[in-house]
Amino acid sequence: MFSLQRGLGLNLWPAGLAVLAFTTLAAAQASRVAGAVQGTVVDQTGSAVAGALVTLRNPATNRTRPASTDVDGFFRVSELPVGQYEVRVQSPGFSLYTNYALVVSIGRVSQLTVRLVPALVQQQITVSEQPSSIDASQTTEATTI
């Protein structure tokens, strides 16, 4: 009985090694047909912008991949199919950043540094020529029924 179990263990060892090698090879092959994008998002002073939303969109397939920046302003999106991507970065208080020509290549990591600018503050003031409903020269109280 002991020799039977030992014999089975020896016969399974090459098969297990082959499965492990095939799995590793398949994972390596998958990374060869894709690329990655990583970078930092900073403001005009060069300070990191944490929590910015980074969206990569492939116009050919219309697939999007979102990511957000960490406390150091860093982001990474991996396993992207090769092609040209549109990059959009948005964060409250800043203008939208858009780059329409980021190319992702096989097995490469594209580096990107995004510098966000503060959003413009716009005010609208409306002036009307209608006189006020209060007559400053009137000192009596009036009631209309």
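Helices (H or I, at least four residues) and strands (E, at least two) are taken as DSSP runs and numbered from the N terminus. On this basis the protein comprises one helix and seven strands, arranged along the sequence in the pattern α-β-β-β-β-β-β-β. The structure is a predicted model, in which local features need pLDDT of at least 70 and side-chain atom pairs count only at pLDDT 80 or more, whereas totals for chains, interfaces and linings use all residues. Residues are numbered from 1 along each chain as its sequence is written, and side-chain values use heavy atoms, with hydrogens and water left out.

Confidence is expressed as pLDDT, the predictor's confidence in each residue, from 0 to 100. The mean pLDDT of the protein is 79, and 62% of its residues reach 70 or more. Among the elements, the lowest mean pLDDT (48) belongs to helix α1 (residues 2-32) and the highest (97) to strand β2 (residues 53-58). Two segments have pLDDT under 50 throughout: residues 1-10, for which the model has zero contacts (heavy atoms within 4.5 Å) beyond four places in sequence, and residues 17-31, for which the model has three such contacts. Where pLDDT is low, the predicted coordinates should not be read in detail.

Of the 145 residues, 23% count as buried (under 20% relative accessible area, 1.4 Å probe, protein chains only). The accessible surface, computed by the Shrake-Rupley method with a 1.4 Å probe, comes to about 11,000 Å², of which 58% belongs to carbon and sulfur atoms. Of the contacts with a separation of 6 or more, 57% are accounted for by residues 24 or more positions apart.

Four strands form an open sheet in the order β3-β2-β5-β6, with antiparallel pairing; two strands are taken to pair if DSSP finds at least two bridges between them. The edge strands, each pairing on one side only, are β3 (63-68) and β6 (97-104). Neighbouring strands of this sheet are turned by 25° against each other on average, direction ignored, the axes being lines fitted to C-alpha atoms.

Strand β2 is joined to β3 by six bridges and to β5 by five. The β2 and β3 strands form a hairpin with four residues between them, and N62 in the turn has a positive phi of about 65°. R57 has T64 as its bridge partner in β3 and stands opposite E86 in β5. Strand β5 (residues 83-90) is in turn joined to β6 by six bridges, the two running antiparallel. Here R88 has T98 of β6 as its bridge partner.

How values were computed. Buried < 20%, exposed > 50% of the residue type's maximum accessible area, 1.4 Å probe, protein only. Axes fitted to C-alpha atoms, helices over the stretch in contact; angles between N-to-C directions.
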